[in-house]
Amino acid sequence: MEQFSIFNIFTLLGGLAFFLYGMRVMSTGLEKLTGGKLEIALKKMTENRIKAILLGLGVTVAIQSSSAMTVMLVGLVNSGIMSLEQTVGVCFGSDIGTTLTAWILSLVGVESSNPFIRILKPTSFSPIVALIGVIMIMVCKKHKKKDIGNILIGFAILMTGMTLMSESVSPLAESEKFKSLLTAFNNPLLGVLVGAGFTGIIQSSAASVGILQAFSTTGGLTYGMAIPIIMGLNIGTCVTALISSIGVSKDAKRVACIHISIKVIGTLILLPIVMILQYVFDLEFFHRTIGYLGIAVAHSVFNLVVTALLLPFSNQLVKLARIIVKDGKEEKEKDSKKTITGLDDILLKTPSVAVHTCLTATVQMAELTRETIDMALKLLVEYDGDTCDAVIENEDIIDGFEDKINSYLIKISKSSVTGKDSRSVSKMMHCVGNFERISDHAVNLVESAQEMHDKGIRFSEECVNEIIVITDAIKENINKAFDSYVQNDLAIAHKVEPLEEVVDNLSTELKNRHIRRLQNDECTVELGYIFQDVLTNLERISDHCSNIAGCLIETDEKTNLHAYLHDVKENDEQFRNEYREYAEEYFRRLGSTEIKAQ
């Protein structure tokens with residue numbers, strides 16, 4: 001029999017490295033494959049505890065990581081997408097879902113001379129799985145098929161790592177020193193501490209279970225030794241949640257607290273029961289040797305029993321979390337419209353959720369921009385100092401929105417994102433810049449209004465009526481452009497360009513009228529300059545509305561924007577009809593019968 005040596009330790013560590021890397025590759029592939037489906041599932045979150053458990057179970061099975069699920073929950077609560085109460089059921093479901101890995105790993109222990117059963121052993125099918133995965137990555141052109149290839153390769157690497165770990169410790173089966181060392185684990189408290197400590201270090205309960213299953217091949221582990229270790233590794237996996245809760249909101253910290261509470265309370269209830277059955281009643285079961293399948297069963301039973309015991313006390317778990325993580329007295333309510341929400345780096349581990357959170361932030365930015373430009377347009381007709389200050393304040397906030405959102409989008413783009421999410425990132429990057437530029441023009445309009453107020457000059461009644469007409473057209477275009485973005489509605493986006501053409505022609509008409517007023521000495525040169533500046537800014541705002549709608553059309557319809565605009569203006573009857581409809585309305589309000597043909 002081969003002696004256990006330093007080279008076996010090297011093999012064990014190498015197997016662990018393969019295992020962790022395979023788990024990462026497989027999880028990333030699964031995550032990309034689920035992509036938007038994961039986002040849809042989160043949107044459908046309800047207060048129903050059973051549905052929440054099923055959701056947590058399903059998502060964890062999909063991404064093969066309870067730690068990632070908990071980190072995701074911390075981020076979602078911090079971003080305001082989910083409430084603290086909604087996460088409790090998901091945590092229970094996640095704990096159950098993570099036990100699937102142990103069942104998959106138990107295939108390593110399959111032993112039989114029957115060829116149909118031997119095919120279930122990973123050493124038999126993993127090479128084929130890896131080959132299929134490599135072929136799919138090299139041959140397939142669709143991203144989804146490549147993602148499936150990555151999942152298969154990740155699974156094969158994971159199983160290879162598991163096999164290496166099992167083979168590396170097999171010499172310990174005959175080692176008397178190792179058997180004597182294992183007697184220390186007859187102390188359940190030590191087993192819990194070792195399980196929690198080791199899992200806390202490697203931050204993967206799946207890897208800890210895998211190593212425990214590998215050591216079970218020595219034949220020296222009993223149920224009495226393994227069960228406390230399994231309880232401990234369930235506690236240790238909470239370290240990732242603790243790390244993710246650093247620097248987030250109070251409720252987000254409470255998510256991590258609930259996750260830890262479930263594990264700790266469950267262990268405090270079940271460990272004494274196990275000890276009584278083992279030492280008082282001396283059940284023979286606890287002296288039996290445990291194997292791959294036994295560890296998988298014990299891991300699942302622990303999480304199922306804890307869920308059954310604590311689920312009825314979900315509200316009490318929330319209250320306990322609020323007691324442990326108290327609200328600070330210095331915390332004050334902030335204006336939610338003017339505070340960017342979410343955008344936590346911890347969500348980058350699940351790019352589809354990060355994209356959804358960023359979209360929420362861009363919608364928030366769009367609505368604040370819409371509110372700001374609306375205030376600025378009103379100042380052209382009626383001056384108000386407080387409104388001027390509010391526009392300038394909002395513009396600063398919108399600048400901050402742009403910086404934070406763009407920085408976050410760059411981080412997302414460096415992650416492994418699906419084609420759909422990549423297009424969403426591209427749209428957001430283009431549109432937030434246009435939102436920010438519109439807010440800049442709002443400040444320019446404020447400066448024009450302030451200049452007139454400070455100098456005590458006003459536009460004539462005729463000029464004011466003209467401004468009302470063109471600003472109404474601008475408002476309509478802003479609403480169409482912003483609604484098309486917020487609702488992701490291409491039908492609305494297609495209505496922006498005809499109205500933008502009308503705004504351009506209105507601006508030209510108003511400039512000509514103002515020149516005539518100047519020639520007839522009906523207006524001063526000073527007011528003429530201000531009026532020109534106002535019209536220029538209004539045109540630029542309309543241009544940015546066109547850019548927003550055009551970005552949606554170009555990205556979602558996968559068309560070249562310049563070619564599209566040329567085509568619709570030349571050949572599209574619907575475009576011409578909508579242009580005439582808008583032009584007739586606004587030029588009629590100007591009292592003009594001359595409408596430029598489109």
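Is glutamate 509 buried or exposed? In the predicted model examined here, glutamate 509 is buried, with a relative accessible area of 17%. The cut-off for burial is under 20% relative accessible area, so the value of 17% places glutamate 509 in the buried class. Its salt-bridge partner is arginine 513, and the closest N and O atoms of the two are 3.0 Å apart. Arginine 513 is likewise assigned as buried, at a relative accessible area of 13%. Both residues belong to helix α23, which covers residues 496-519. Because they are 4 residues apart in that helix, about one helical turn separates them. The pair is part of a network in which salt bridges with shared partners join Glu462, Glu466, Glu509, Arg513 and Arg517.

The protein chain has 598 residues, of which 53% are buried. Its secondary structure consists of 26 helices and 0 strands. Among contacts with a separation of 6 or more, 81% are between residues 24 or more positions apart. The exposed area of the chain is about 27,500 Å², and 59% of this area is supplied by carbon and sulfur atoms. No disulfides were found, the count for the whole structure being 0. Two cysteines were assigned as buried: cysteine 140 at 18% relative accessibility, and cysteine 463 with a relative accessible area of 1%.

The largest nonpolar core contains 136 residues. Within this core, the residues with the most contacts are Ile373, Ile405, Ile412, Leu445 and Phe459. With neighbours within four places in sequence left aside, isoleucine 373 is in contact with Ile438, Ala442, Leu445, Ile478 and Ile541. Another core lies apart from the largest one and has 25 residues, including Ala156, Leu172, Ile202 and Ile211. Of these, Ile211 is one of the buried residues of helix α12. This helix spans residues 205-215, and 10 of its 11 residues are buried, so α12 is largely enclosed by the rest of the structure. The buried positions of α12 are Ser205, Ala206, Ala207, Ser208, Val209, Gly210, Ile211, Leu212, Gln213 and Ala214.

In total, 20 salt bridges were counted. One of them joins lysine 263 and aspartate 95, with the closest N and O atoms 3.0 Å apart. This pair links distant parts of the chain, as lysine 263 is in helix α15 (residues 250-280) and aspartate 95 is in helix α5 (residues 84-97), with their positions 168 residues apart in sequence. Both partners fall in the buried class: lysine 263 has a relative accessibility of 2%, and aspartate 95 one of 3%.

A salt bridge is also formed by the side chains of aspartate 472 and arginine 589, with an N to O distance of 2.7 Å. Here too distant parts of the chain are linked, aspartate 472 being in helix α21 and arginine 589 in helix α26 (residues 573-589), 117 residues apart. The class of partly exposed residues lies between 20% and 50% relative accessible area. Aspartate 472 counts as partly exposed because its relative accessibility is 23%. Arginine 589 is also partly exposed, with a relative accessible area of 41%.

Helix α26 also holds tyrosine 586. Tyrosine 586 is buried, its relative accessible area being 2%. With residues up to four places away in sequence not counted, tyrosine 586 touches Val469, Asp472, Ala473, Glu476, Leu499, Val502 and Leu506. Aspartate 472, the salt-bridge partner of arginine 589, is therefore among the residues in contact with tyrosine 586, given that contact means heavy atoms within 4.5 Å. The C-alpha atoms of tyrosine 586 and alanine 473 are 7.3 Å apart in space, although 113 residues separate the two in sequence.

Helix α21 covers residues 461-486 and has 26 residues. At 1.5 Å a residue, this helix should span 38 Å, and the 36 Å between its end C-alpha atoms agrees with that expectation. Asparagine 488 follows α21 and has a positive phi, near 50°.

Note on methods:
Residues numbered from 1 in each chain as written. Predicted model: local features only at pLDDT ≥ 70, side-chain atom pairs only at ≥ 80, totals over all residues. Heavy atoms only, no water. Helix = DSSP H or I, 4+ residues; strand = E, 2+ residues; numbered from the N terminus. Expected span 1.5 Å × (residues − 1). Buried < 20%, exposed > 50% of the residue type's maximum accessible area, 1.4 Å probe, protein only. Areas by Shrake-Rupley, 256 points an atom, 1.4 Å probe, with all protein chains shown as cover. Disulfide = S-S within 2.5 Å. Core = buried A, V, L, I, M, F, W, Y, C linked by side-chain atoms within 4.5 Å. Salt bridge = Lys/Arg side-chain N within 4 Å of Asp/Glu carboxyl O.
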